[in-house]
Amino acid sequence: MRHPRPAASGACAVRRGLPRAQRSAGPWCGCAVCGEPCGEWGPGPGGARSARAASRRFRWAPKRSRPAPVPSPARPPRRRQRGGSLGMALPRLPAVLASASAGPARMSLFGSTSGFGTGGTSMFGSTTADNHNPMKDIEVTSPPDDSISCLAFSPPTLPGNFLIAGSWANDVRCWEVQDNGQTIPKAQQMHTGPVLDGCWSDDGSKVFTASCDKTAKMWDLNSNQAIQIAQHEAPVKTIHWIKAPNYSCVMTGSWDKTLKFWDTRSPTPMMTLQLPERCYCADVVHPMAAVATAERGLIVYQLENQPSEFRRIESPLKHQHRCVAIFKDKVNKPTGFALGSIEGRVAIHYINPPNPAKDNFTFKCHRSNGTNTSAPQDIYAVNGIAFHPVHGTLATVGSDGRFSFWDKDARTKLKTSEQLDQPISACCFNHNGNIFAYASSYDWSKGHEFYNPQKKNYIFLRNAAEELKPRNKK
């Protein structure tokens, strides 16, 4: 059985900022995810692109033929094309959305299941499927120029749907996703290192980003200004907004083995909790947080009154943790989490199950030759897990270039996609579960020899309203 190397969410963080001469010489560098020796070289020319990306403007012109977005009457078309903000202040977004949708009636693709997923729409050019989009899903306009590390949709408090994506090109980008499937680039902000994670505030007015430059930033979408709100001694791997009844803060997890909580108005953390090892992944659903670390560490925190450690759990997986997502019970309270590893396996773990031996389980996924037990299996990392906000079913994406939908209660697979020509590095659902977004980009899981700088990165949007419905119990 061939096991993969620890999959990286992007190119090597150690050598990314070094000059070209130093990148091509010296000993092997560390893994981008864990910092441990991985036996692979650095990213090649990726770092040079980030400097160029920082100096050029966001390109508003779409790369595929589609009707030009109707400009808002409140803003001249010229300024709309060159601007960098979300248009108007967020409280007036309903007017912006109303003006954007003015004109001839359009078929709604995300509001219903009709017409979506049966093939590409004519506004995006050719409907012929190929290896980069075998599921014929809608492509997001102007995707990032380097590996995509995170995706996040706006909260339900914000009218419409807005999508952010962080990448190893050091940027975070924002798009408006319209009901007819069109995506309109709205703005972008830069870090001085790769962006590893991003999230929204509960009111949708701010975006928080974590970076390899050892900082976290707050992007105010009303003013289109980004300010630093957090500092660590090593790259910041995770960032989450916490909205509790008696406090609000930002939680950051870092490779410096700390979990910090920040009041965005203060340069010093409200609280610092020591982790047993480097933070690899985390999730927050108030009043619960789950953090997975190096050496298969797994800690659950309670966030009532003030954050504190609730329980340390022996990992149900035997290999490096890669992603974690909290799920809720029927009364919408967090009750457990799904944990993915680099060994093509996911664990479903309840915090207080009536019967732990029966309720907690693991299942294999993102493997090739699954039915042929005599042949060696190719095993791929699980790069992301996302739970459907309505049905409670889940999606997993992996280095094998496939996404799969699962019903954890029925313990069955609902769907597996065709194979893309690149790994799927991130995924998320929008607030009502109608849209499933997934990113296709190289995750460096096979080392530098499989890196192709000519390969474009993609973000795809898929109607998820029907495919994620739970299977009827017999």
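This note goes through salt bridges, aromatic pairs, charges over rings, strand pairing and one loop residue in a predicted model.

1. On salt bridges as a whole, the count for this predicted model comes to 15. Side chains of opposite charge can pair when their charged atoms come close. The points that follow take up some of these pairs together with the accessibility of the residues involved.

2. The side chains of Arg345 and Glu343 are joined by a salt bridge, with an N to O distance of 3.3 Å. On the acidic side of this pair, Glu343 has a relative accessibility of 9% and therefore counts as buried, given that the limit for that class is under 20%.

3. Asp409 and Lys408 also meet through their side chains in a salt bridge, here with 3.0 Å from N to O. The two residues fall into separate accessibility classes: Asp409, at 48% relative accessibility, counts as partly exposed, whereas Lys408, at 9%, counts as buried. Lys408 should also be read together with Phe327, since the lysine lies over the face of that ring at 4.4 Å from the ring centre. A colleague inspecting Lys408 will thus find both a salt bridge to Asp409 and a position over the ring of Phe327.

4. Lys469 and Glu466 form a further salt bridge, in which the closest N and O atoms are 3.2 Å apart. Lys469 is partly exposed, its relative accessible area being 39%, and Glu466 likewise counts as partly exposed, at 43% relative accessibility. Elsewhere among the salt bridges, shared partners join Asp137, Lys415, Arg462 and Glu467 into one network.

5. Turning to the aromatic residues, the structure holds 16 aromatic pairs. One of them is formed by Phe208 and Trp241, which are stacked, with 5.3 Å from centre to centre and 5° between the planes. This pair links distant parts of the chain, 33 residues apart, as Phe208 belongs to strand S7 (residues 206-211) and Trp241 to strand S10 (residues 236-243). Phe208 itself, at 1% relative accessibility, counts as buried.

6. Tyr442 and Tyr451 make up another stacked pair, and they are so classed because their ring centres are 6.4 Å apart and their planes stand at 25°. For the reviewer who wishes to check this assignment, the cut-offs are centres within 6.5 Å and planes under 30 degrees apart. Tyr442 is buried, with a relative accessible area of 8%, and Tyr451 is buried as well, with a relative accessible area of 17%.

7. Ring pairs also link Phe403, Phe405, Phe429, Phe436, Tyr438, Tyr458 and Phe460 into a cluster. Apart from ring-to-ring pairs, the charged end of Lys446 sits over the ring of Phe450, at 5.3 Å from its centre.

8. As for strand pairing, 4 strands form an open sheet with antiparallel pairing, in the order S6-S7-S8-S9. Strand S6 (195-200) and strand S9 (225-231) stand at the edges with a single partner strand each, so that one side of each has no neighbour in the sheet. Neighbouring strands of this sheet are turned against each other by 25° on average, with direction ignored. Within the sheet, strand S8 (residues 215-220) runs antiparallel to S9 and is joined to it by 6 bridges; on the S9 side, Ala230 is the bridge partner of Ala216. Phe208, discussed above for its pairing with Trp241, lies in strand S7, which is a member of this sheet.

9. Strands S4 and S5 form a hairpin with 5 residues between them, and Gly181, in the turn, has a positive phi of about 100°. Strand S4 (residues 171-177) is joined to S5 by 7 bridges, the two running antiparallel, and in S5 the residue that bridges to Val172 is Gln189. Strand S5 (residues 183-190) has 8 of its 8 residues buried, so this strand is largely enclosed by the rest of the structure.

10. A last point concerns Gln377, which is placed in the loop between strand S21 (361-364) and strand S22 (382-387). Although a loop residue, Gln377 counts as buried, at 13% relative accessibility. The side chain of Gln377 makes a polar contact, at 3.3 Å, with the side chain of Arg367.

Terms used: Residues numbered from 1 in each chain as written. Predicted model: local features only at pLDDT ≥ 70, side-chain atom pairs only at ≥ 80, totals over all residues. Heavy atoms only, no water. Salt bridge = Lys/Arg side-chain N within 4 Å of Asp/Glu carboxyl O. Buried < 20%, exposed > 50% of the residue type's maximum accessible area, 1.4 Å probe, protein only. Phe/Tyr/Trp six-rings, centres within 6.5 Å; stacked < 30°, edge-to-face > 60°. Lys NZ or Arg CZ within 6 Å of the ring centre and 35° of its normal. Pairing = 2+ DSSP bridges. Axes fitted to C-alpha atoms, helices over the stretch in contact; angles between N-to-C directions. Polar contact = N/O pair within 3.5 Å; in protein donor to acceptor, adjacent residues only side chain to side chain.
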